[in-house]
Amino acid sequence: MKIDTKEIENYERELTVEFDADELAKSKKNAAKKLAERISIPGFRKGKVPVQILEQHIGKDALLDEAADLLINKGANESIKMFNLIPVTEMKPKIISCEDGKGLVYTLTFTPYPEIKLGEYKNLDVEKVVEPVTDKEVDDQLEHIRGHHAVMTDAEEGAEVIDGDFVTLNFSGSVDGKKFDGGTAEDYPLTIGSHTFIDNFEDQLIGLKVGEEKDVKVTFPENYHDKKLADKAAVFQCKINSIKHRELPELNDDFAKKASKFETLDEFKADLRKNLEEQAERRAEQDQQEKVLDKVVENMTVDLPPVMVEDRITRMINEFTVQLQTQGGDIDKYLSAAGIDMEKLREDYREAAKKNLLTDMMLEEVAKVEDLRVSKAEIDFEVSVMAMMYRTTPKQIEKILRENRQMTGVAANVLRRKAMQFIFDNMKGAKKVSDAEEKKSADAENKSEEVAEQKDGE
């Protein structure tokens, strides 16, 4: 077997594979043996049909094609090993010549996984910026909690609708003087300021009293899910049936006791501030880590084949489609409601898909360079987390993963996270794990693996 390789256009590579006449003849015998196991020929037992008889029965060309297929598969597997290739697209064969006594020549065309050159990924200096918590943020949080403890009371006679009120109303909408489906309701419940309705519908109800009527004029948005109404001006004849005001509790120690575990309002506010500061610290750490990963990707050199980006976009949209289905929706309804088509959705995903892909490739390369490994205990833990998420047993999750050949993907996810943590641990100023702590962690992991192996052996 002889293999030549060359790069061609569109990030593709072409392999030219040659097998001599003897190798083709040997492959014909192997092909005949395989075909003889499947084909019934009168007068012969399965698997015992001579090559000449088989050729007469199925045709010489058919046997030669079968022999060529075997050699094509062999050449593809051997070339992957020989050149250390990782194809990211199907290896497409094209036979140049195939003839008894002369041999087989064919090409394999595919897109290979690109070469990656890591830049700096250790000792990177990225500042962690923690935004200070303001008095307004504490007050806003307090008001939010206060709102949850509000009570609704019937408005006094002659009261006007104000922002935050809960009303019931009748309405009848029309476009160009004609009523439309879904545009009419009676005693419809609505919280003013919730922005449940389109445009400034709710704002126009402010100031009305019970029994009063008003024509509310609005315009449907351009991307409205009902294309017949999109970007159309509409008039809703509205009548207020009832008004309830929202009464907020007074901010004092009694409220603090009711809304929290604290005795005083000052203690409650201090705890809110502490929680907000902890959230700010976590956001700052996440932002710092994201910037570090972005920096490592920026330092990396790779010529990314467009087909890999397209594949990642497809994967992300498939995941989004499944997510919609779990919530009772579907992708077609989503596209209709958003006023876009699949082509626009793919374009919207492009930048995120590219960043997502480059980050994964970088993490995989760091794991490779640093010789990071995934233990059975770590995979078992990941499976256990998935089991808790889906409210089933680890054994059932593992069964599903194996049946769908997804265990490798689980291990890859764990490995990428390990690489990510390696980068974080090696940032400038990062807290280093002591040798004693590292040994303790390793001993615990080894012990976990031993227990898992014992269970497997039972």
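**Close-up 1. Negative charge gathers in a patch on the surface of this predicted model.** Five names to look for here are Glu250, Asp253, Asp254, Asp266 and Glu267, which make up the patch. Two helices chip in: α5, running over residues 253-259, and α6, over residues 265-299, each supply at least two of the patch residues.

**Close-up 2. Here is Asp253, one of the residues of the negative patch.** You'll find Asp253 in helix α5. Is this residue buried or exposed, or does it sit in between? Its relative accessibility is 37%, so Asp253 counts as partly exposed, because that label goes to values between the buried limit of 20% and the exposed limit of 50%.

**Close-up 3. Strand β4 is mostly covered.** This strand spans residues 103-110, and seven of its eight residues are buried. On to its partners: β2, made of residues 13-19, pairs with β4 in the antiparallel sense over seven bridges. Strand β3, residues 92-99, also pairs with β4 in the antiparallel sense, again over seven bridges.

**Close-up 4. Leu108 in β4 has bridge partners in Leu15 and Pro93.** Which residue of β4 is the bridge partner of Leu15? That's Leu108. Now try Pro93: its bridge partner in β4 is Leu108 too.

**Close-up 5. Strands β3 and β4 form a hairpin.** Three residues lie between the two strands. Have a look at Gly101 in this hairpin: its phi is positive, near 85°. Past the turn, β4 takes up residues 103-110 and pairs with β3 in the antiparallel sense.

Notes
Residues are numbered from 1 along each chain as its sequence is written. This is a predicted model: local features need pLDDT of at least 70, side-chain atom pairs count only at pLDDT 80 or more; totals for chains, interfaces and linings use all residues. Side-chain values use heavy atoms; hydrogens and water are left out. Patches are made of residues with over 30% relative accessible area and no salt bridge: like charges are joined within 9 Å, nonpolar side chains (Val, Leu, Ile, Met, Phe, Trp, Tyr) within 5 Å. Accessible areas come from the Shrake-Rupley method with a 1.4 Å probe; for residues, only the protein chains shown count as cover. A salt bridge is a side-chain nitrogen of Lys or Arg within 4 Å of a carboxyl oxygen of Asp or Glu. Lys and Arg count as positive and Asp and Glu as negative; His and the chain ends are not counted. The place of a charge is taken as NZ of Lys, CZ of Arg, CG of Asp or CD of Glu. Helices (H or I, at least four residues) and strands (E, at least two) are DSSP runs, numbered from the N terminus. Buried means under 20% relative accessible area, exposed over 50%, partly exposed in between (1.4 Å probe, protein chains only). Two strands pair if DSSP finds at least two bridges between them.
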